[in-house]
Amino acid sequence: PIIHPVNWVEGLMSEYDATVVDKPDLDCDGGGGAAGHPRVYLRIADNGEIVCPYCSRRFILGPGERDG
């Protein structure tokens, strides 16, 4: 069988599949209440995006927010 890296699907997602945020520090709990996951705190890197390691939800820093 062919085994793909865990985040192989990231390349298939577009900006429309992401949540745009206005600060580089955020948290994610899966958004599903009891069906979600433990809250994790994330920091958007220099590339302007991050993917939650639990639910693969993608966050993008909004335009103009990267500059400071």
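Me: Is Asp27 buried, exposed or partly exposed, and what is its relative accessible area?

Reply: This is a predicted model, and in it Asp27 is partly exposed, with a relative accessible area of 34%. The residue is found in strand β2, and it is a useful place to begin reading the charged side of that strand.

Me: How do the side chains along β2 point, and which of them are buried?

Reply: The general idea is that in a regular strand the side chains alternate between the two faces of the sheet. Here, Leu26 and Cys28 point to one face of β2 and are buried, while Asp25 and Asp27 point to the other face and are not buried.

Me: Which strand does β2 pair with, and in what sense do the two run?

Reply: Strand β2 is joined to β3 by four bridges, and the two run antiparallel. Within this pairing, Asp27 stands opposite Tyr41 in β3. The C-alpha atoms of Asp27 and Val40 are separated by 5.5 Å, although these residues are 13 residues apart along the chain.

Me: Which residues does Asp27 contact once its neighbours within four places in sequence are left aside?

Reply: With those neighbours left aside, Asp27 is in contact with Arg39, Val40 and Tyr41. The contact with Arg39 can be read in further detail, since the side chains of Asp27 and Arg39 make a polar contact at 2.4 Å.

Me: Which residues are linked with Asp27 in a network of salt bridges?

Reply: To read such a network, one looks for charged residues that share a partner. In this case Asp27, Asp29 and Arg39 are linked in a network of salt bridges. Within it, the side chains of Asp29 and Arg39 meet at 3.6 Å, taken from N to O. That pair links distant parts of the chain, with Asp29 and Arg39 placed in the loop between β2 and β3, 10 residues apart. As for accessibility, Asp29 is partly exposed, with a relative accessible area of 29%, and Arg39 counts as partly exposed at 45%.

Me: How many salt bridges does the structure hold, and where do Asp25 and Arg43 lie?

Reply: The structure holds four salt bridges. In one of them the side chains of Asp25 and Arg43 meet at 2.6 Å, N to O. Asp25 lies in strand β2 (residues 25–28) and Arg43 in strand β3 (residues 40–43), so this pair ties together parts that are 18 residues apart in sequence. Asp25 counts as partly exposed at 44% relative accessibility, whereas Arg43 counts as exposed at 59%, a label that applies over 50%.

Me: Does Arg58 count as buried or exposed, and with which side chain does it meet in a salt bridge?

Reply: At 9% relative accessibility, Arg58 counts as buried, because that label applies under 20%. Its side chain meets that of Glu49 in a salt bridge (3.2 Å, N to O), and Glu49 is partly exposed, with a relative accessible area of 26%.

Me: What is the strand order of the open sheet, and how many strands does it have?

Reply: To read a sheet, one follows the strands in their order across it and then asks which lie at the edges. This open sheet has three strands in the order β1-β5-β4, with mixed pairing. Its edge strands are β1 (18–21) and β4 (49–51), each of which pairs on one side only, and the twist averages 25° from one strand to the next. Strand β5 (residues 58–61) pairs with β1 in the parallel sense over four bridges, and the bridge partner of Val20 in β5 is Ile60.

Me: Which residues make up the largest nonpolar core?

Reply: In soluble globular proteins, nonpolar side chains tend to be buried together. The largest nonpolar core here has 10 residues in all, namely Val21, Leu26, Cys28, Val40, Leu42, Ile44, Ile50, Cys52, Phe59 and Leu61. Strands β2, β3 and β5 each supply at least two residues of this core. Leaving aside its neighbours within four places in sequence, Phe59 is in contact with several residues, including Val21, Leu26, Cys28, Leu42, Ile44, Ile50 and Cys52.

Me: What is the phi of Ser56, and where is this residue found?

Reply: Most residues other than glycine have a negative phi. Ser56, although it is not a glycine, has a positive phi of about 65°. The residue is found in the loop between β4 and β5, and at 30% relative accessibility Ser56 counts as partly exposed.

Key. Residues numbered from 1 in each chain as written. Predicted model: local features only at pLDDT ≥ 70, side-chain atom pairs only at ≥ 80, totals over all residues. Heavy atoms only, no water. Buried < 20%, exposed > 50% of the residue type's maximum accessible area, 1.4 Å probe, protein only. Contact = heavy atoms within 4.5 Å. Polar contact = N/O pair within 3.5 Å; in protein donor to acceptor, adjacent residues only side chain to side chain. Pairing = 2+ DSSP bridges. Axes fitted to C-alpha atoms, helices over the stretch in contact; angles between N-to-C directions. Core = buried A, V, L, I, M, F, W, Y, C linked by side-chain atoms within 4.5 Å.
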